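Got the viewer open? Load the model, switch to cartoon view, and keep the selection box handy.

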Amino acid sequence: MRIGLLLAAVAPLVNALGQEQIISFERDASDDLFQLAGPDRGAGQILVSGDDYWGVIRAAGDLAVDFGRVTGTNFTLSNGKRHAKPAQFKFDPVNVKNNTDYSTTEPQILEGPKYAEPDAKHTVIIAGTIGHSKVVDKLIRAGKVDVSDIEGEWEAFVTKVVKNPIPGCKEALVIAGSMPRGTIYGIYDVSEQIGVSPWYFWADVPATKNEEIYVSRDQKTQGAPSVKFRGFFLNDEQPGLTNWVSSNWPNTWNGAAGYNHHFYALVTELLLRLRANYLWPTVWASMVYTDDPFNQPLLHAYEIVLGSSHTEPLMRAQNEFKKYYEGEWAYNLNNETIDDYFRYGVQRAKPYARNSLWTMGMRGTGDTAIEGGLGVDAIIEMLETLVHNQQEIMTQGLGVDDLSDVPQSWCLYKEVQSYIEEGLQVPDDVTLLWADDNWGNVRRLPQANETDRAGGAGVYYHFDYVGGPRDYKWINTIQLSKTAEQMHLAYARKADRIWIVNVGDLKPLEIPISHFFDLAYDAERWGPDSTEEWVTAWAVREFGTEHADHLASIVTRYGMYAARRKYELVDERTYSVINYNEAEAVLHEWKTLEKDAQRMHDALPEAVQPAFFQMILHPARGGRILHEIYITSAKNKLYALQKRNAANHLIDRARELLDADADLTGEWDDMLDGKWIHMLDQTHIGYDSYWQQPMRNTLPPLTYVQEGLTALAGNVRLGVEGSNASIPGDDQFHENSGKTLELPPLDRYGAQARWFDVFSSGTAPACEWNATVDKPWVKLSARKGVVGAEGNDTRVWVSVDWDAVPEAEDEMVLATISVDTPCSKWDKSRYGYEDPLIELPVHTRRVPKSFEQGFVESDGYVAIEGVHYQAVVNSSDGADATYHTFRNYGRTLGGVGLWPPNLEKLSVDEAPYLQYDMHLFTNDTIANVTLYLSPSQNYLGDDNPLEYAISLSPAAAAEAEKPKVVRPVGPSIGANSPEGWDAAVADSAWGISNDLTTTGFQVGQPGHYTLRVWCLLPSVIVQKVVVDLGGVRQSYLGPPESYLVGGRD
């Protein structure tokens, strides 16, 4: 990674992630800066207008406290009037004792921050909303602040230092917003820039201390966000979030967990500090409107747009119908009751309609499809009637003539998307909220003829999910580069009205949440190539510049390792313990990551360590422990098959690791005097071939080997790379009575070494062994040793001294390794267990000098990282398309796909192609070429599916073989996903567990070959190319990349 170079580039972004910098902590004589705070300045004052929005005044109060967090001295807040009482938001709480007939109870207030006496001399900040702040409006009329670029804009603001803004004040920073959230974002922009992280509460990031704070006198203009509504969905909140909430607040009046207005105040402040504006509240064991009648008013007062999930239409919580109404949740059978249910929701939300986004449509009960056996045509007809009636109810209930200015969305989740494909007509003013597949792959986006709808389009995305093929809800498993790729695809297709992401318990998803909202707020600033820069800027904001480059590397590596396969899907079968040294390599990556994280944690100040533990160290250590549990279990299974004594030691190790996982959760619970107790209660180990969470963490099945008796074949036995078999003796993995095992081959262009294990399978405390090889140029890492019941097994590495291989040797030489021991149980001549032999095929062949660049076959395959193509060849038709490399993306390195992302489908003649050059030694065979593709969906519809074309031809051929067109993703039928989808999202790629991306080509003779790949739509992203000539063995990540002639260092 180029993190070191990036650090210099992001220095201006310190404490202001992607925003134009206005704050400085040092003053140079040449700087045109105004001092906001300093030891000689005293407590500054923030001035607001009493007629401004309550939420603006409240946020200004936060800013006053934030200055105290940074400097040690809080600012004061004033509305310019003496003896002023705190601002009040008055509301009439809904009567939650009757949730079918709308009524309210005695008026209540939310009280804002306390005001100090006006102090013009110390006033350093003035904040207000255009048209709602007398002081700001006066400055605008006087020409001291130019708001012409933001008036009427959505959530825009300007900041500027103004001279003599009010009598008695020489200078002050003015924050003027086009609407209340614009002002709030301007206020929190200053908070962030002075050193207060948006995550100061939710991740315990301490403020960056500074005594002196300066602001630029130049005007800053921040325009409208890229995406209008940007929010998250608190979902699947049991056990973690609910258990934490229950530990901090009493149950609500109706016995539900304490999801009250105190909880939502913390959530909404976080959203606003992250420049978000939209919330889907918790669903399953709560009812946000009735659990606490202060919830809905508070969200409105804070200026958060309240919505509801795809299963909760017209501002009613999912559980309300079954609790308060009679009859079925079936519109065709109970429409009058359901219409009344909707009317009540509209009545209840009317006082807060300015900050409401209405979910339309209807699904079945409990996040399911519509029930009752209706056919698709009947469902479509019913839904069209339903939405028509919903809009009539809204028009009447809100007292408006039309709904063109009332935000509405219909979430096309799961089966609902199929209704659109089958002809469902949606009113033009309703936003089509397209959904991903619950695994971060957008299922559908606007087609070219759908981008002009008045309601526009949006995306419902997932960082957490409960459902098939498996829950994933423990900790962060999100690869930021994948999020950027998918959301920029959506943005390019004009799905920019709503972005809402399912974040489960909220913690510990702090990093992907921040990234998602920054993309949504300024998609132009944070483009598809910005992830490395963003991570570095994030690291600087949260932990400072000193460690930012190393921290960014940790975050990036973690994202790749964790996203390869969700933790809940990892098991003892995932990574191979016999092929390609895969399991050892994966575990080494995790151990290195954890070591790097621990070293950085220990180097940080103590005050910063809790935040680092939560967001960095805990995930790294937890990921390592989980992977080590399953790899240890896989080795136990292998060793038990081979009857090794060591199988039993691995049981002990697995139990130690399970205890370590529990201790890690305990460390989380104990941190900060138990602030986050129970937040990490989520189980994550021991899923039993079932999608739902296990009730308790459990180890996979482990096998114990009897230690009291020696194996029939003796005390010392052998196992080899690439096989479950062991010798001497019999098993299901090699020929009965066979004494020979074969290692995978060695040649000049592949693996540098192979291995075999010498292990104990008996009761003898110590057994000597000796190994010999019949070829002097074959080298062994050990030729003798001791194993036994009380000792260690030995892994022997086998390599070739290529400089010593005689030139006259045949192209394939079979070297034989003999291993003998005096610890045989019986007389070999009498009982038939002869000394074991290991054969090593050695290929001495060389690539012709005429092959100057490309990959070389070894071990019966060619494997190439997708981004390591030799050339991009443009089409003769001159289509405006090329290829884009996605760095730190996918399972192993990166990905490459068609660009720009708003391209329509190209033909083979129009599309450029990727060229991969290779030399093949194998002849007269079928080369099965598999592309590992990102698990994208048919985002332009099943009638316009993802496609690529592929050909493999001799490089010297006069004419390349006609390309074969492949459709890797099949149609979605109803609520069903395409064929192979379960495996693709579990594997994080198409092509791992099925042959949907495998194409066969005849290879008639050895020589130079050219593989050409035409991606015909964006989001066909090639992560890896594997050409199987008969040698590919089972693994999860695929064989290692092949040797490249004439390429990179």
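Start by selecting S22 (740-742) together with strand S29 (residues 837-843): the two run parallel and are joined by 3 bridges. Strands and helices here are DSSP runs numbered from the N terminus, with at least two residues (E) for a strand and at least four (H or I) for a helix. Two strands count as paired if DSSP finds at least two bridges between them. Now show Glu 742 as sticks; its bridge partner in S29 is Glu 839.

A word on what you're looking at: this is a predicted model, where local features need pLDDT of at least 70 and side-chain atom pairs count only at pLDDT 80 or more, while totals for chains, interfaces and linings use all residues. Residues are numbered from 1 along each chain as its sequence is written, and side-chain values use heavy atoms, with hydrogens and water left out.

Widen the selection to the whole sheet. It's an open one of 5 strands, in the order S22-S29-S28-S24-S26, with mixed pairing. At the edges sit S22 and strand S26 (784-787), each pairing on one side only. Going from neighbour to neighbour, the strands are turned by 25° on average, direction ignored. (Angles run from 0 to 180 degrees between N-to-C directions, and axes are lines fitted to C-alpha atoms, for helices over the stretch in contact.)

Next stop: another sheet. Strands of a sheet pair through backbone hydrogen bonds, either parallel or antiparallel. This open sheet has 6 strands in the order S4-S3-S7-S9-S8-S11, and its pairing is mixed. Its edge strands are S4 (76-78) and S11 (220-222), each paired on one side only, and the twist averages 20° from one strand to the next.

Begin at the S4 end. Strand S3 (residues 45-47) runs parallel to S4, with 3 bridges joining them, and Gln 45 has Thr 76 in S4 as its bridge partner. Bring in helix H2 (residues 54-71), which lies across S3, S4 and S7 and runs at about 155° to S4. Contact, here and below, means heavy atoms within 4.5 Å.

Now select S9 (residues 171-177). Is this strand buried or exposed? 7 of its 7 residues are buried, so S9 is largely enclosed by the rest of the structure. (Buried is under 20% relative accessible area, exposed is over 50%, and partly exposed lies in between, using a 1.4 Å probe and protein chains only.) Turn on the side chains: Glu 171, Leu 173, Ile 175 and Gly 177 point one way, while Ala 172, Val 174 and Ala 176 point the other, and all are buried.

Check the partners of S9, too:

- Strand S7 (residues 123-129) runs parallel to S9 over 5 bridges, and Ile 125 stands opposite Leu 173.
- Strand S8 (residues 157-163) pairs with S9 in the antiparallel sense over 7 bridges, and Thr 159 stands opposite Ile 175.
- Helix H4 (residues 180-194) lies across S7, S8, S9 and S11, at about 135° to S9.

For a quick detour, select Thr 290 in helix H7 (residues 288-291). At 0% relative accessibility, Thr 290 is buried. Setting aside neighbours within four places in sequence, its contacts include Trp 253, Glu 320 and Arg 348.

On to the helices. Pick H15 (residues 531-543) and H16 (residues 548-563), whose axes come within 8 Å and cross at roughly 120°. H15 and H16 are therefore oblique to each other (under 35 degrees would be roughly parallel, over 145 roughly antiparallel, 65 to 115 roughly perpendicular, and the rest is oblique). Their crossing is right-handed: the near helix is turned clockwise from the far one by less than a right angle, with anticlockwise being left-handed. Among the residues that meet are Trp 538 and Phe 543 in H15 and Leu 551 and Val 555 in H16.

Keep H16 and add H17 (residues 582-603): the axes are 10 Å apart and the angle is about 150°. This crossing of H16 and H17 is left-handed. The contact includes Arg 557 and Tyr 561 of H16 plus Trp 590 and Asp 596 of H17.

Last click: Gln 598, also in H17. Gln 598 is partly exposed, at 23% relative accessible area. Not counting residues up to four places away in sequence, Gln 598 touches Leu 617 and Arg 621.
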